[in-house]
Amino acid sequence: MNKTIRHTAVICLLLVLALLVRATWVQAYEARALADDKHNRRNIMAQYAQPLGDIIVAGSPVTGSRRTASGDLAYERTYTDGALYAPVTGYSSQAYGSTQLEGIYSGVLDGTDSRLKNPLDAIMGKQTAPGDVLTTIDPAVQEAGYRALGGKKGAAVAIDPVTGRVLGVVSTPSYDPTKISGTTDGDAWKQLTGDAAKPMVNRALRQPLPPGSTFKLVVAAAALEDGLYSSVDERTDSPDPYTLPATTTVLRNENSSAPCENATIRTALAYSCNTVFAKMADELGQDKVRAMAEKFGFDDATQEMPVRASESVYPSGMDRAQTALTGIGQFDVTATPLQMAMVSAALANDGLLAAPHMVSKVVDASGNTLQSYRDGDTKRIVSSSTAEQLRSAMVTVVQDGTGTNARIDGAEVGGKTGTAQHGVDNVNTPYAWFTSYAKDSSTGKQVAVAVVVEDSGAARSEVSGNGLAAPIAQKMMAAALN
């Protein structure tokens, strides 16, 4: 054979072998990485190749799918009462991805989750019918909170104290996820993301704010559990006004005529006495207050329901004056409405905190359970005696104190108001808080609710937990007990 032809044949053979090796490498080792690459158009085509599964509220879907007019994405997501349920569902967008339940369960909802496939489907590469996500949301509670918040900027969470089922997650202002579900919704996306009111922020779960006087429940729990005071009706050692330790700063009460000097915990909660709880936090010390706060769920950066909630924080490394200020929910204490609802839920449930969850189960197209969340998965936070005493004091707050707007005829209602400072030297409009529980002895139903109103448009002098937040909580609790 001609030497030149032989060399050419060898080179061609080597090139063929190189191509075979490369093809084998790509198929055997790089296939998964290429398939999962976010720039792989086939993935999003597969995701929207058929109608998506649904997110279910009380047996009815609050999501849907519609056929697109053109393009290679056959279907796009739609939402029923989108603004109402956006804090629950999140969004599924062909252009901007998915969030919250839409994101967490995207594989189930688009049919690509491996749990949906039988062995034959896996071998044939067949796309399986999608599954559904069943939530714990009570539509009456959700709507009551949404309507009550109205045009205000704020949020609310409702929990069944015994089961941990989340009955309502409300955040306002809200948005309709349908408007950003397609590929040509750039203007709507730009408007939403550029809105100063931040309608796409889930304020109920992901915006911790100073909880103000609602945090006094945590301090009171620490004092009773520690034995600093034996009863909510034992008089405290509390001057009025109170000078913060090692400072000349004088702390006063909002109501100068309130009987706060040496008040009992019951009276101090009813009148929201800052002086009593600031001194109590200093006497306990930051470590004991933090330990109690963490039992309720503060400082937990991994809290999931299954949507990840932002961490509520009790600070560390403080001096005595700063520790005293944490006793009234100020300095660097922050909490989400979810967290403050958990505080009331634990006290309502005899000191046991049931893990909050807003999904009951995930099912395939035939209704078979793929994943479920247990009701009543509890841990003890405070003793039964402490919980009973604080419930009694919270009832006094609603019956005779600062939370009268939360009353519900025929039900036991307990609560705690809060007005939290906002901005340096409190120059901005304060936040109005209310955390509460309600029980109907005739039906056995109960609920815990926390509400924060960031901005209602009201004058500064009109901002209070009882005036703004308590009526919202009252409507949600009434809906839950109905």
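1. In strand β14, T369 is the bridge partner of V363. This pair belongs to the contact between β13 and β14, which run antiparallel and are joined over three bridges. The model discussed in this note is a predicted one.

2. The pairing just described is part of an open sheet of five strands, ordered β2-β1-β7-β13-β14, in which the pairing is mixed. The edges are held by β2 (60–61) and β14 (369–372); each has a single partner strand, so one side of each has no neighbour in the sheet.

3. Strand β7 (residues 132–135) deserves attention within this sheet. Two bridges join β7 to strand β1 (residues 55–57), and these two strands run parallel. In that pairing, V133 of β7 is the bridge partner of I55. Four bridges join β7 to strand β13 (residues 359–363), and here the strands run antiparallel. T135 has V359 of β13 as its bridge partner.

4. The side chains of β7 alternate along the strand. V133 and T135 point to one face and are buried, whereas D132 and L134 point to the other face and are not buried. The residues V133 and T135 thus appear both in the bridge pairs above and on the buried face of β7.

5. A further open sheet of five strands has the order β9-β8-β18-β17-β16, with antiparallel pairing. Its edge strands are β9 (166–172) and β16 (412–420), each of which pairs on one side only. From one strand to the next, the twist averages 10°. Strand β8 (residues 153–159) pairs with β9 in the antiparallel sense over six bridges, and I159 stands opposite V166 in β9.

6. Two helices contact this antiparallel sheet. Helix α16 (residues 384–400) packs on the sheet and touches β16 and β17 (431–439), with a direction that makes about 75° with that of β16. Helix α17 (residues 465–481) lies across β8, β9, β16, β17 and β18 (446–455), and runs at about 30° to β17.

7. Turning to helix packing, the axes of helix α10 (residues 216–226) and helix α12 (residues 274–284) come within 10 Å and cross at roughly 50°. That angle makes α10 oblique to α12. The crossing of α10 past α12 is left-handed. From α10, the residues K216, V219, A220, A222, A223 and D226 meet N274, F277, M280, A281 and L284 of α12. By class, this contact has eight nonpolar, one polar and two charged residues.

8. Helix α10 also packs against helix α13 (residues 286–296), at an angle of about 110° and with the axes 9 Å apart. That angle makes α10 roughly perpendicular to α13. The crossing of these two helices is right-handed. V218, V219, A221, A222, E225 and D226 of α10 make the contact with K288, V289, M292, A293 and F296 of α13. Its residues divide by class into eight nonpolar, no polar and three charged.

9. For the protein chain as a whole, the secondary structure comes to 17 helices and 18 strands. The C-alpha atoms fill a box of roughly 110 × 50 × 40 Å along the principal axes. Of the 482 residues in the chain, 52% are buried. Among contacts between residues at least 6 apart in sequence, 68% join residues at least 24 apart.

How values were computed:
Residues are numbered from 1 along each chain as its sequence is written. This is a predicted model: local features need pLDDT of at least 70, side-chain atom pairs count only at pLDDT 80 or more; totals for chains, interfaces and linings use all residues. Side-chain values use heavy atoms; hydrogens and water are left out. Axes are lines fitted to C-alpha atoms, for helices over the stretch in contact, and angles run from 0 to 180 degrees between N-to-C directions. Angles under 35 degrees count as roughly parallel, over 145 as roughly antiparallel, 65 to 115 as roughly perpendicular and the rest as oblique. A crossing is left-handed if the near helix is turned anticlockwise from the far one by less than a right angle, and right-handed if clockwise. Contact means heavy atoms within 4.5 Å. Ala, Val, Leu, Ile, Met, Phe, Trp, Tyr, Cys and Pro count as nonpolar, Asp, Glu, Lys and Arg as charged, and the others, Gly among them, as polar. Buried means under 20% relative accessible area, exposed over 50%, partly exposed in between (1.4 Å probe, protein chains only). Two strands pair if DSSP finds at least two bridges between them.
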